[in-house]
Amino acid sequence: DYFRYLIPTLIGQIAHSFYCMADVFFVGAAVGSDGLAALNIAIPVYSFVHGCGMMLGMGGATKYSIFRGQKMEQEGNRIFTNTAYLVGIFALIFVLMGLGFSGNITSLLGADGEIFEMTKTYLMVVLLFAPAFMTNDFLLCFVRNDGNPGLAMTAMLTGSFANIILDYVFIFPMKMGIFGAVFATGLAPVISVG
């Protein structure tokens, strides 16, 4: 059982790491050092959104598994529903922050001059895609804890490889710059959940 859960989780996380490296590579190659600076300034917000999704997903899925193990199906279902509501509330807050405060957050993180607009674009799109990121994190945790680590791995691989392909397409042939990179990143969890 241990390795049945460990191996798919490791493979999924390695794929996720590759797609992060692909973002850096493609942005560096197409947009240059300013694009890399904008990406690095915005990464804490991306990590915070993911962290919230994982926190809610892992906490909820652990509680769900405990109730399922105790044959308390109704309580497990209640935990799933409550976690979904919390994910929705957090995601809504992030979306509102993206719509109203992405410039303020960009300034707070220290972006100015030529990289301000690129950083603001990256932050805004990440925050607008927060529902997709958080739903993906939440569902991966519950699917894994519901006894299907292979499905969770497949979803992570699908999203990660889609991001790498979309990064290339949006950044090079379509010449969308930093927006293309973050748009590909935002579409990855949508594809993963689908």
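Lys71 sits in the loop that links H2 and H3. This is a predicted model. Its largest nonpolar core has 41 residues, and its largest pocket has a volume of about 280 Å³. The structure holds 0 disulfides.

**Two loop lysines**

- Lys71 is not a glycine, yet its phi is positive, at about 60°.
- Lys71 has a relative accessible area of 71%, so it counts as exposed.
- Lys175 belongs to another part of the chain, the loop between H6 and H7.
- Lys175 also has a positive phi without being a glycine; the value is about 55°.
- With a relative accessible area of 69%, Lys175 is exposed.

**The nonpolar core**

- Val49, Phe94, Tyr122, Val126 and Met134 have the most contacts inside the largest nonpolar core.
- Two or more residues of this core come from each of H1, H2, helix H3 (73-108), helix H4 (116-128), H5 and H7.
- H2 gives the largest share of the core, 12 residues.
- Met134 touches two of the other residues named for their contacts, Val49 and Phe94.
- Further residues touched by Met134 are Cys52, Gly53, Leu56, Val87, Phe90 and Ala91, with residues up to four places away in sequence left out of the count.

**A glycine inside helix H3**

- Gly98 is part of helix H3.
- Is Gly98 buried or exposed? Its relative accessibility is 0%, so Gly98 counts as buried.
- Beyond its neighbours within four places in sequence, Gly98 is in contact with Met124 and Leu127.
- His50 lies 48 residues from Gly98 in sequence, and their C-alpha atoms are 15 Å apart in space.

**The largest pocket**

- The lining of the largest pocket is made of 19 residues.
- Which of them are closest to the centre of the pocket? They are His16, Asn136, Asp137, Leu140 and Met156.
- Five helices each supply at least two lining residues: helix H1 (2-30), helix H2 (33-69), helix H5 (130-145), helix H6 (149-171) and helix H7 (177-193).
- H5 provides the largest share of the lining, 5 residues.
- By type, the lining divides into 9 nonpolar, 8 polar and 2 charged residues.
- H1, H2, H5 and H7 thus appear in both lists, giving two or more residues to the core and at least two to the pocket lining.

**Cysteines without a partner**

- A disulfide is a covalent bond between the sulfur atoms of two cysteines.
- The count of disulfides here is 0.
- Cys20 is in no disulfide, and the nearest cysteine sulfur belongs to Cys141, 16 Å away.
- The cut-off for a disulfide is 2.5 Å between the sulfur atoms, so a separation of 16 Å leaves Cys20 unpaired.
- Cys20 has a relative accessibility of 29%, so it counts as partly exposed.
- Cys52 is in no disulfide either; the nearest cysteine sulfur is again that of Cys141, 13 Å away.
- The relative accessible area of Cys52 is 7%, which means that Cys52 is buried.
- Cys52 is also one of the residues that Met134 touches.

Methods: Residues are numbered from 1 along each chain as its sequence is written. This is a predicted model: local features need pLDDT of at least 70, side-chain atom pairs count only at pLDDT 80 or more; totals for chains, interfaces and linings use all residues. Side-chain values use heavy atoms; hydrogens and water are left out. Buried means under 20% relative accessible area, exposed over 50%, partly exposed in between (1.4 Å probe, protein chains only). On a 1 Å grid over the protein atoms alone, a cavity is a set of points where a 1.4 Å probe fits but cannot get out, and a pocket is an open set with protein on both sides within 12 Å along at least five of seven lines; lining residues have an atom within 4 Å of a point. Grid points are joined across faces, edges and corners, and a volume is the space filled by probe spheres set on the points. Helices (H or I, at least four residues) and strands (E, at least two) are DSSP runs, numbered from the N terminus. Ala, Val, Leu, Ile, Met, Phe, Trp, Tyr, Cys and Pro count as nonpolar, Asp, Glu, Lys and Arg as charged, and the others, Gly among them, as polar. A nonpolar core is a set of buried Ala, Val, Leu, Ile, Met, Phe, Trp, Tyr and Cys residues joined through side-chain atoms within 4.5 Å. Contact means heavy atoms within 4.5 Å.
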